[in-house]
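Me: I would like to go through this model by question and answer. Please keep each reply short and end it on the value or name I ask for.

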Amino acid sequence: MSGASEAFAGPLSVSDVTARVRQALEEALPFCWVEGEISELTRPASGHMYMSLADERSQLGCVMFRSYASQLRFDPEPGMKVLAYGNLSVYERGGRYQFYVYRLRPSGVGEMALAFEELRARLAEEGLFEARHKRPLPDYPRAVGVVTSPTGAAIRDIVQVLRRRAPGLPVVLAPARVQGAGSPGEIAAAIERLNRFGGVDVVVVGRGGGSPEDLWPFNEEGVARAIHSSALPVVTAVGHETDHTIADYVADVRASTPSVAAELVTRERVLLRERLDDRRGRLLRAVQARLDHNRQRLEGLRPGRLAVRLADGVDQRSQSLDESRARLAAALDSCLGSHRDRFDRSLLRLDARNPLRSLASGFAYCQRERDGRRVRAAAELQPGERLRLRFAEGAARCQVEEVESQ
């Protein structure tokens, strides 16, 4: 009778039933990781991703909305075994339950890798890895602070490289355990101590190689935030070149090894020393060249060599004098020849104009005897005036008896 009375209490709507199922599922199975093999994968134009996760006995319908699917760092494919993080709920319109996926990872990553990725994604979202937070290393640090184990290989490598590349550069060690329980807190505290110390300009944080478990303290959030909060530039040098930690993403500079970190913090100092060595070498070569030149000059000033040089100078000047004399004689000959030619031409012109040349044809040259002036016409003469007549051969004197004018 009780069952019958409940039936008459009033029916539930389909939406009511679906809502109660949804509430029950969400309360019974909160957020969790689910492992399975991808099947029936579709990606419509909306950007959402629909798939099923399957194992040997069951299938689970899943949906990953576009805002989460766009953040995937790999391409899911059917048949791929994955780990999906999300919660189980009901798609009310279709009346079916499905798994809502917020993170997706290839299966086999492991708990440590999942924790690594989760912290890395969260810190990246906060902006701790952004380039605007990265500070340049000082060119010429007064001292280098090192956070590492005082008995490990890292501090020995760093000190050895610094002594070779920058002798005299102080190293301030802030000792800290770099593996095992409590080591993340010691590393963070050591970074803070160096910041309060005030005598260093750059901090190297790191350790030598080891297993992922050994390097895990550098994946802890406390260490990452201590590096981010440091007022001094931080160089991380954790493990080997292939090892990457959360601390590397936060640091201002990542070095592949502790030795490389020591090289990075002394790079400008070494370059300066190389430039000074180069200039010192050039200066020494210039001084040596000048000394060699002056030595050669001194060699030339020895008495025997000086006599040879003086004799050679006299011979050369004598030869130069002979050449000058020959050039002068040639110039004089040329000048005299030129004047001779000009004189001969002048004689020819004068001879052509000589009034006495016509005397050979029977003419006479008539002059007044008193003043030697030439007589051109009879009208110039007076009776009784004495004349001198010059012939081709000889001359004669005569007196004018009568002047006839035409």
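Me: What share of the exposed area do carbon and sulfur atoms supply?
Reply: This is a predicted model, in which local features need pLDDT of at least 70, side-chain atom pairs count only at pLDDT 80 or more, and totals for chains, interfaces and linings use all residues. Residues are numbered from 1 along each chain as its sequence is written, and side-chain values use heavy atoms, with hydrogens and water left out. Accessible areas come from the Shrake-Rupley method with a 1.4 Å probe, only the protein chains shown counting as cover for residues. The protein exposes about 26500 Å², and the part from carbon and sulfur atoms is 52%.

Me: How many of the residues, as a percentage, are buried?
Reply: Buried means under 20% relative accessible area, exposed means over 50%, and partly exposed lies in between (1.4 Å probe, protein chains only). Of the 406 residues in the protein, the buried ones make up 30%.

Me: How many helices and strands does the protein have?
Reply: Helices (H or I, at least four residues) and strands (E, at least two) are DSSP runs, numbered from the N terminus. The secondary structure comes to 12 helices and 13 strands.

Me: Which strands stand at the edges of the open sheet?
Reply: Two strands pair if DSSP finds at least two bridges between them. The open sheet has five strands in the order β7-β6-β8-β9-β10, with parallel pairing. Two of its strands have a single partner strand each, so one side of each is left without a neighbour in the sheet; these are β7 (171-175) and β10 (253-254).

Me: Which residue stands opposite Thr 236 in β10?
Reply: Strand β9 (residues 234-238) and β10 pair in the parallel sense over two bridges. Opposite Thr 236, in β10, stands Arg 254.

Me: Which residue in β3 stands opposite Met 51?
Reply: A closed barrel of five strands runs β1-β2-β3-β5-β4, and its pairing is mixed. Within it, β2 (residues 49-54) and β3 (residues 59-64) run antiparallel and are joined by six bridges. The residue opposite Met 51 is Cys 62.

Me: How many salt bridges does a search of the whole structure find?
Reply: A salt bridge is a side-chain nitrogen of Lys or Arg within 4 Å of a carboxyl oxygen of Asp or Glu. By that criterion the search of the whole structure gives 15.

Me: How many residues apart are Arg 122 and Glu 221?
Reply: Their side chains meet in a salt bridge, 3.2 Å from N to O. Arg 122 is in helix α4 (residues 111-126) and Glu 221 in helix α8 (residues 221-229), so the pair links distant parts of the chain. Arg 122 is partly exposed because its relative accessibility is 36%, and Glu 221 is partly exposed at 26%. The separation in residues is 99.

Me: About how many helical turns separate Arg 325 and Asp 322?
Reply: The two form a salt bridge, with the closest N and O atoms 2.9 Å apart. Both are partly exposed, Arg 325 at 48% relative accessibility and Asp 322 at 42%. They are three residues apart in helix α12 (residues 303-353), so the separation is about one turn.

Me: Is Glu 385 buried or exposed?
Reply: Glu 385 forms a salt bridge with Arg 370, the closest N and O atoms being 3.3 Å apart. Both lie in the loop between β11 (365-368) and β12 (386-390), so the pair ties together parts 15 residues apart in sequence. Arg 370 counts as exposed at 64% relative accessibility. With a relative accessible area of 11%, Glu 385 is buried.
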